[in-house]
Amino acid sequence: MRGPTAPKDPEKKRPALYIMLDHNVAGMPGNDGSFRDSNFMEGRLIEQVKGVYGDVDQNILSLLEHVDGFLKLVHSIGISIVAANESERNDTVQFTMQCYGKEDKYATGTNVRAECPCDGMEVAIPVSESGMNDNDDIIGAFHFDFPGKCKAASVTLKFYLNDGYEAPEIEIDPPVDFESEQYKKMIERSLIHLGNTKRLKRAIEKAKRGEETVIAYIGGSITQGAGAKPIDKKSYAYLSYRAFCRMFTDNDGANVRFVKAGVGGTPSELGMIRYEKEVTDYGAIEPDIVIIEFAVNDEGDETQGACFESLVRKAANAPYKPAVILDFSVFINDWNLEDRLTPVGEHYDLPMTSVKAAVAPQFGSDTVITRRQYFYDIYHPTNEGHAVMADCLAYLFRKADESPEPDDDSDFTKEPLKGCEFEEVMLIDSANAGQYGEIKQTAFDFKDSDLQFVERDLNGYSTPELENGWAKDSGTTGAEFALNITCRNLILISKDSGDPNFGKADIYVDGRLVLTADPLANGWNHCNPQIILNEAESEAHAVRIVMHPGDEEKRFTILGFGATL
């Protein structure tokens, strides 16, 4: 009988740079019935690594900027996935590392794929066998496709390094103690202004009586639920709505309606236009509470706060007088726009809550929750982060309930602080344009179905954003779009894209070139509002849109307009 043969020498244990550590992922339903979780890394990969570690050798980080550096640095990619439900750990999930190409961002990059078991066993992909090459530019995204029953899991993703490179040691964070006194004190810091609670107390009393009460949220991707897994049940909006139901109803919130109108990558400049469509359903819904979250989306606001204040007044001055709450989220570098926006809240004595005020002071000392635990990526919260945001709002609800009844309401008609010229702005698209102006178009009759999709209200599935637009397809020439309208301000909403088949368009108002819109400037599919007219008085104006010279055969999509008549 022969004994066992001598084993091969084991491969040397290489240093590993963690990209994700016990990172929650959840497959969200797509239009084709598939379930995918996408983590976009364009411009974010270095910050993602810094979010895991804190300080990292700059030489290592610089090699992650482009694929040519990655190929020098990384020996292999390790992925391990653990299904959230133990019964689903026999399933598999397909991992894809998508590289963006140098010539064509989406068409010429390499897709590095691996089928990964959901039982935690690591799958290693040697870079030498990945197919990555000189035509790849950057690492654009990590995708997780869920073909089986498993729809939620935790992922650990690491880059094993080549000889000569070292990775920093990683420290495992202790679990967040959501019941500790230290945590409660952190949450208390979030209440930066209780404000006039007359309207909020009225909404709370309405809910307590069992009457139909509507709580609505409008904001950017954080309000949409980005980073929450699953997005429909773990977002701060949903969690704080459920907290409101537990606190003020005895029927599990059966009388409380939840409206969520968060759209990724969009500012209050778009929020004020889509308010009627997505929050009030053109008057069919009358919110009792409106929570506005644009503290990290308004950096590019052309009006430096007038759009935000216009949205506040639009909501607050509705005949049914909802309570308006300002909610300030934060990025991983402790940045937001509170300095610009809190004066608006103070001007109208609004309740305001700031997660920055809660978490930023404790990062690094007397830590309750670490940056790595709070942030899913450099912009968005994890499930734990969303829970913190929800607890901040719940604390505000409770303090408002306990506060004495104010004698008078806030005055939302007084002189604005930043500006309110867009307070009565309305959405004009192909569904209603004939009521407000005259449209003439040539070759802007293409149906663009590749729009930005978002999850709304209680839905886990996504639907298109601003679907009633006008689009020009590639290959057509002589395209022209004309709008004759009487108004005092006008905002063009166009589609941004990463597709090189899209081209620039020139926008003329009354014969004057006011904007050359470049859909590729931001590099991803989302809605982009830009002011093309802002006057004190309403007058007749002629808008003309044509393709920019050299881009005549390329694509361009008009999603709609915001107009104050």
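**Exercise 1. Helix 4 against helix 14**

At what angle do helix 4 and helix 14 pack, and how far apart are their axes? Work it out on this predicted model, then describe the contact.

*Solution.*
- Start with the geometry. Two packed helices are described by the angle between their axes and the distance between the axes.
- Here, helix 4 (residues 181-188) packs on helix 14 at about 70°, and the axes are 9 Å apart.
- Now classify the angle. The range 65 to 115 degrees counts as roughly perpendicular, so helix 4 is roughly perpendicular to helix 14.
- Next, the hand: helix 4 passes helix 14 in a right-handed crossing.
- Then list who touches whom. Helix 4 brings Y183, M186, I187 and E188, while helix 14 brings A387, V388, D391, C392 and Y395.
- Sort those by class and you get 7 nonpolar, no polar and 2 charged residues.
- For the spacing along each helix, recall that an α-helix has 3.6 residues a turn, so residues three or four places apart point the same way.

**Exercise 2. Helix 14 on its own**

Check the span of helix 14 against the expected value, then say how covered the helix is.

*Solution.*
- Helix 14 covers residues 383-402, which is 20 residues.
- From first C-alpha to last, helix 14 reaches 29 Å, close to the 28 Å expected at 1.5 Å a residue.
- As for cover, 14 of the 20 residues in helix 14 are buried, which leaves the helix mostly covered.

**Exercise 3. Helix 9 against helix 10**

Which residues make the contact between helix 9 and helix 10, and how do the two axes run?

*Solution.*
- Take the axes to begin with: those of helix 9 (residues 268-278) and helix 10 (residues 306-316) come within 8 Å and cross at roughly 25°.
- Angles under 35 degrees count as roughly parallel, so helix 9 and helix 10 are roughly parallel to each other.
- Helix 9 passes helix 10 in a left-handed crossing.
- On the helix 9 side the contact uses S268, E269, G271, M272, Y275 and E276; on the helix 10 side you'll find C307, F308, S310, L311, K314 and A315.
- Tally the classes for this contact: 6 nonpolar, 3 polar and 3 charged residues.

**Exercise 4. Backbone oddities**

Find a cis peptide bond and two non-glycine residues with positive phi, and place each one.

*Solution.*
- Keep the baseline in mind: most residues other than glycine have a negative phi, and most peptide bonds are trans.
- The bond from K229 to P230 is cis, with omega near 0°. P230 sits in the loop between helix 6 (221-224) and helix 7 (231-234).
- D22 isn't a glycine, yet its phi is positive, about 50°. D22 belongs to strand 1 (residues 16-26).
- The exposed cut-off is over 50%, so D22, at 54% relative accessibility, counts as exposed.
- D252 isn't a glycine either, and its phi is positive at about 60°. Look for D252 in the loop between helix 8 (236-248) and strand 12 (256-262).
- D252 has a relative accessible area of 55%, so it is exposed.

**Exercise 5. The surroundings of E212**

Is E212 buried or exposed, and what does it touch beyond its sequence neighbours?

*Solution.*
- Locate E212: it's in the loop between helix 5 (198-208) and strand 11 (213-219).
- With a relative accessible area of 56%, E212 is exposed.
- Set aside neighbours within four places in sequence, and E212 is in contact with K206, N255 and D288.
- Finally, compare chain and space: E212 and I289 are 77 residues apart along the chain, and their C-alpha atoms are separated by 12 Å.

Conventions. Residues numbered from 1 in each chain as written. Predicted model: local features only at pLDDT ≥ 70, side-chain atom pairs only at ≥ 80, totals over all residues. Heavy atoms only, no water. Axes fitted to C-alpha atoms, helices over the stretch in contact; angles between N-to-C directions. Helix = DSSP H or I, 4+ residues; strand = E, 2+ residues; numbered from the N terminus. Parallel < 35°, antiparallel > 145°, perpendicular 65-115°, else oblique. Left-handed = near helix turned anticlockwise from the far one by under 90°. Contact = heavy atoms within 4.5 Å. Nonpolar A, V, L, I, M, F, W, Y, C, P; charged D, E, K, R; others polar. Expected span 1.5 Å × (residues − 1). Buried < 20%, exposed > 50% of the residue type's maximum accessible area, 1.4 Å probe, protein only.
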